[in-house]
Amino acid sequence: MRDTNLKIAIQKSGRLSQASIDLLRKCDIGFDNGLGKLRSVAHNFPLEILFLRDDDIPQYIEDGVADIGIVGENLLAENESNINELEKLGFGRCRLALAVPKSFEYRTIQDLAGRRIATSYPGILGRFLESNSVTSDIHTISGSVEIAPGIGLADAICDLVSSGNTLFTNGLTEVETVMESEAVLISNGNTEGRLQIILDSLLFRIRSVLAATQNKYILLNAPNEKLDAIERLLPGMKSPTVMPLATSGWSSVHSVINDDEHWNVVEKLKAAGAEGILVIAIEQMIR
Ligand code: PRT
Ligand code: ZN
């Protein structure tokens, strides 16, 4: 029975850990992730979860110790490994950016020629500079990259940025985006037979959860003469459901709308005559 579980590697403790666990839980996969645990077997799905340092995950997957995993795209791009990206997961968003001290008079990327740049991403940075025909002196350091200019180790840095607070507190200004990144589900492409069936089933659940988080369920009441205008604002999965209310001349309209634009749509619906508008989170959405 040992080999019949699909193995997924997720970050043990760090920025992607909680969101990775939450995603599996939203897929209704039940497992114990007690402190210090290195592996856990789900009790209601043939999945084994390995908790690892994010840097080790691509190698473990290439070696077949795990079949799939969750890492940042930045990590994959840096290592240029033989790994398939199965799905973008919408969390862990950040960008790899070049930043310089405030005193640096930066105009174009050519200003970095011959300068020392500290980074933990020498591969991505090297390719980026090369594609811009710039030759710089790349210093690879593994952590606290943002302090390098302040201690005289570098003229610029290339590091991950999300809120920008770290750059700001270290007196650095972002000047170029090298790459955008988010968490992705990856695989080694070696899943066959039963493992592939389990992976397909997990992917089906993950995609349903992702679709659900990108959408909202909306219900509203409207006088029948306003229905045409309201329906035009609500594309829905096919088209909105319209049902008569007990009060004659009124209908209840149900639909699904994109989360990003739901406030915008709600305002237009209200202006078009909708009343009693309810916007509800969707748990899973199967298209
Ligand atoms: O222990 P382990 O090796 O597993 O973890 P780690 O310390 O190497 O990684 P971790 O947890 O810091 O990051 C894991 C992944 O999260 C990264 O590979 C990215 O894909 C993603 N991610 C998203 C980030 C950030 N946002 C981020 N802001 N990773 C790092 N940062 C750091 C950045 O390096 C800088 O020090 O946060 C600081 C900047 O943040 P702001 O908000 O101040 O801009
Ligand atoms: Zn790491």
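How many bridges join strand E6 (residues 94-101) to E10, and in which sense do the two run? Eight bridges join them, and the strands run antiparallel. Within this pair, Ala99 stands opposite Glu174 in E10.

This is a predicted model, in which local features need pLDDT of at least 70, side-chain atom pairs count only at pLDDT 80 or more, and totals for chains, interfaces and linings use all residues. Residues are numbered from 1 along each chain as its sequence is written, chains are lettered from A and ligands numbered from 1 in the order in which they are written, and side-chain values use heavy atoms, with hydrogens and water left out.

**Sheets**

Strands (E, at least two residues) are DSSP runs numbered from the N terminus, and two of them pair if DSSP finds at least two bridges between them. E6 and E10 belong to an open sheet of five strands with mixed pairing, in the order E8-E7-E9-E6-E10. Strand E8 (137-140) and strand E10 (172-181) are at its edges; each has a single partner strand, so one side of each lacks a neighbour in the sheet. From one strand to the next the twist averages 25°, an angle between N-to-C directions of lines fitted to C-alpha atoms, on a scale from 0 to 180 degrees.

Six strands form another open sheet, also of mixed pairing, ordered E2-E3-E1-E4-E11-E5. Its edges are strand E2 (39-41) and strand E5 (84-88), each with a single partner strand, so one side of each has no neighbour in the sheet. Here too the twist averages 25° between successive strands. Strand E4 (residues 68-72) pairs with strand E11 (residues 183-187) over five bridges in the antiparallel sense, and Ile68 stands opposite Ser187 in E11.

**Zinc ion and ligand 1**

Asp54 (OD) and Asp55 (OD) coordinate the zinc ion (ligand 2) at 1.9 to 2.1 Å. Donors are N, O and S atoms within 2.8 Å of the metal (3.2 Å for Na, K and Ca); water is not among the atoms, so sites may look incomplete. The arrangement of the four donor atoms is irregular because their angles at the zinc ion run from 75 to 171°. For four donors, tetrahedral would need all angles between 85 and 135 degrees, and square planar would need opposite donors over 155 degrees apart and all others between 65 and 115.

Asp54 is partly exposed at 22% relative accessibility, and Asp55 is partly exposed at 39% (buried is under 20%, exposed over 50%, partly exposed in between, with a 1.4 Å probe and protein chains only).

Asp55 is also among the residues that come nearest to ligand 1, with Asn74, Ser163, Gly164 and Thr166, out of 21 around it (a heavy atom within 4 Å). The table gives polar contacts, pairs of N or O atoms within 3.5 Å.

| Side chain | Partner atom | Distance |
|---|---|---|
| Asp55 | oxygen of ligand 1 | 2.7 Å |
| Asn74 | oxygen of ligand 1 | 2.6 Å |
| Ser163 | oxygen of ligand 1 | 2.6 Å |

Conventions. Four donors count as tetrahedral if all angles lie between 85 and 135 degrees; four count as square planar and six as octahedral if opposite donors are over 155 degrees apart and all others between 65 and 115; anything else is irregular. Helices (H or I, at least four residues) and strands (E, at least two) are DSSP runs, numbered from the N terminus. A polar contact is a pair of N or O atoms within 3.5 Å; within protein, one must be able to donate a hydrogen and the other to accept it, and residues adjacent in sequence count only if both atoms are side-chain atoms.
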